[in-house]
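Thank you all for coming; I will take a few minutes to walk through one structure, and I will try to go slowly enough that each step can be followed on the screen. Please keep the picture in view while I talk.

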Amino acid sequence: MVLLVTSDNEQFQTEKDIVERSVLIKNMLEDVGESDQPIPLPNVSSSVLKKVTQPSTGPTEIDVRGRYLSTASTTVESPSRPPILEQSQDETRKRTTDISEWDQKFITVDQEMLFEIILAANYLDIKSLLCRRWLQDGSQHDQGARPPEEIRKLFNIVNDFTPEEEAQIKKENEWAEDR
Amino acid sequence: MSSLELPSELWLKVFCDLPFESLLNIHAVSWLFSDLSTNFIFEDVHFYPRESSIARTKRAIQREFHRATFWSSDKVAPHVRKCTVELTWISSGSMVAEFAPQLLSAYFEAVSRFKNLEKLCCSLHNPTNIDLPPLRVEKSLSRLRVLDIRGVRLAPQTSPAIRLKLEDLSYADIHSSQSIGSDFLLSFDPTYLRRLCLELQSMSFLHDLLPDKHAMASFHYLHVLELRLQVTNIVDLHACLSSFPGIHDLTLQVWRIDAGFVPSTPLAPELRTYKGPMDLIPALDLGSSVLRTLTLTDGDSRVLLRKLREIRLGNSVVTAITSLTMLVRQWYIPETDSNLRDTLSFFPALQTLSLTMYSHHFIDQRPIHATFPQELCGRLAVILPVVHED
């Protein structure tokens, strides 16, 4: 077990193999060697660290695959580990579950927490956490890439293109696609 | 908090591994996301006449000119870091053949505007010998590090002061038997070039390199050399390689090496890895303490054994080589036993042995060696010392 101390001075006893998904903590542990010394994380608050490291009993609001509009059954990783630390596609342990409840929880993630998680993931150097899948997966099961409109909703982004600019971007995308 | 409050670098980290399809959607989200994603979207371009049903029509060719214009634009061109230009199978009388020179010029013109280009691959297959423009790599491409050209003439630099900072150059002139010119090497900055791969039809291309030995000797960091030749001899190869002082890794593909005088000084004294025919073995310094990997692309254990016995090794064994790859002719398997054992006794430090069995014999269209590996494995188990771990 490893003792982590957050910016608001809360202490967390966490399993070593879980915290080592963070390259930052892994390197710190290698530097200090076998030691009971707590590891300070001055850039991570306790509420964020909880999301990042706490083993959950079911899908949590930060275990988002971004399918928040979907009500179909889909495959998610086993919830026995903190889903946020999962290596996504590489993991073979999977189970099937109804994701509608989980979707609802996801919608409740407030913008601030979402960005704090991204910032923490960057600081802790946890690649799988950088919300790629939120941008990658479309709303419909197996639909492919998430459309621009959904990305705007997800991150509360205003569409600042004029219709002409939007048409221009569409044209650029056509050339880029046929590169 | 809005997305504008997350630093751009962080968004770039998020975007960098996304699949291309997702990136296109990111590009269409907002100005910020559009700007941040352009580097990824326009990173890589492939110019070639598309093989669709309309590929041979004038309209399709016209679209290729539009494509070149689009990628040349000020908004897009600076983002391109990798580019491939391909014009293959230009059959005579076809639409592509009719427009090939202009099309290639348009592609090359676009390339010249990719000022952040790092890697360029050009491949032409021009059996009808239409006169095509050469590739000019000028100072606008100061970031170009990898150049891989096949069937394309590289135009000489207009200014001798401009030297391309290439780290990796592959130059295969598969159609022309013209010489590469004695000033070929002068186009490249010697402090950058790490790998050089040359394939030329010209019989005398090693001689083309030789006149400027001073230029060759300045390529201290050229560690990897691959040569594909028709015919050569040990003296020419020796003269060529001895001028490149830093060669660690040599790969040689040659149709024939003419026998002849073997120079007394070893070929490429810093050599760590050799891959090529056995004919060069007498010229290699097998007793060298740095030569570790030997990959032989012809002969078999019998021939190798004969070569090893012919050359006089200092300590009578090859002490440094840890990895050996060679061919085994299935036809000689009954004899493999003693030949292989005697051959391997020359390599006491060997850690890796790879054997490739080959045969030109077929029965009912099937290679007969298919049944032999087992036999060989059985023999190897007897030949090779078995290490027991307690």
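Let me begin with two side chains in chain B, those of B:Glu226 and B:Arg195, which are joined by a polar contact of 3.1 Å. I should say straight away that this is a predicted model, and that the values I quote are computed from it. B:Glu226 belongs to strand β7 of chain B, which runs over residues 224-233, and because its relative accessible area is 16%, where buried means under 20%, B:Glu226 counts as buried. If we leave aside its neighbours within four places in sequence, B:Glu226 is in contact with B:Arg195, B:Leu196, B:Cys197, B:Leu198 and B:Thr251, and B:Arg195 is the partner in the polar contact I have just described.

Another residue in a strand of chain B can be read in the same manner. B:Thr295 is found in strand β10, residues 293-296, and with 17% relative accessibility B:Thr295 is also counted as buried. Which residues is B:Thr295 in contact with, leaving aside its neighbours within four places in sequence? They are B:Tyr274, B:Lys275, B:Gly276 and B:Thr325.

Let me now step back to chain B as a whole. Chain B has 390 residues, of which 47% are buried, and its secondary structure comprises 11 helices and 14 strands. If we take the contacts in chain B with a separation of 6 or more, 68% of them are between residues 24 or more positions apart.

An aromatic pair gives us one example of parts that are separated in sequence being brought together. Over all chains, a search of the whole structure finds 15 aromatic pairs, and one of them is formed by B:Phe42 and B:Phe70, which meet edge-to-face, with 6.0 Å from centre to centre and 65 degrees between the planes. B:Phe42 sits in the loop between α3 and β1 of chain B, whereas B:Phe70 sits in helix α4, so the pair ties together parts that are 28 residues apart in sequence. Both rings belong to buried residues, since B:Phe42 has 0% relative accessibility and B:Phe70 has 12%.

Rings also take us across to chain A, because A:Phe155, B:Trp11, B:Phe15 and B:Phe33 are linked by ring pairs into a cluster. There are charged residues over rings as well: A:Arg179 lies over the face of B:Phe20, at 3.8 Å from the ring centre, while B:Arg63 lies over the face of A:Trp175, at 4.4 Å from the ring centre.

A:Trp175 brings me to helix α8 of chain A, since A:Trp175 is one of the buried residues of α8(A), along with A:Ile169, A:Glu172, A:Asn173 and A:Ala176. Where on the helix do these buried residues lie? They cover an arc of only 160 degrees around the axis, and therefore they are on the same side of α8(A). On the other side of α8(A) we find exposed residues, namely A:Pro163, A:Glu164, A:Lys170 and A:Glu177. What covers the buried residues of α8(A) includes three helices of chain B, which are α2, α3 and α4. As a check on the helix itself, the 15 residues of α8(A), at 1.5 Å a residue, should span 21 Å, and the end C-alpha atoms are 21 Å apart, which agrees.

Finally, I would like to point out two residues in loops. A:Asn156 lies in the loop between α7 and α8 of chain A, and its phi is near 55 degrees, a positive value in a residue other than glycine. B:Ala268, in the loop between β8 and β9 of chain B, likewise has a positive phi, near 50 degrees, and is a residue other than glycine. Are these two residues buried or exposed, or something in between? A:Asn156 has 47% relative accessibility and so counts as partly exposed, whereas B:Ala268, at 6%, counts as buried.

That is where I will stop, and I am happy to go back to any part of the picture.

Notes: Residues are numbered from 1 along each chain as its sequence is written. Chains are lettered from A and ligands numbered from 1 in the order in which they are written. This is a predicted model: local features need pLDDT of at least 70, side-chain atom pairs count only at pLDDT 80 or more; totals for chains, interfaces and linings use all residues. Side-chain values use heavy atoms; hydrogens and water are left out. Helices (H or I, at least four residues) and strands (E, at least two) are DSSP runs, numbered from the N terminus. Buried means under 20% relative accessible area, exposed over 50%, partly exposed in between (1.4 Å probe, protein chains only). The expected span of a helix is 1.5 Å times one less than its number of residues. The arc is that of the directions from the helix axis to the C-beta atoms. Contact means heavy atoms within 4.5 Å. Rings of Phe, Tyr and Trp (its six-membered ring) pair if their centres lie within 6.5 Å; planes under 30 degrees apart count as stacked, over 60 as edge-to-face and the rest as tilted. A charge sits over a ring if NZ of Lys or CZ of Arg is within 6 Å of the ring centre and within 35 degrees of the ring normal. A polar contact is a pair of N or O atoms within 3.5 Å; within protein, one must be able to donate a hydrogen and the other to accept it, and residues adjacent in sequence count only if both atoms are side-chain atoms.
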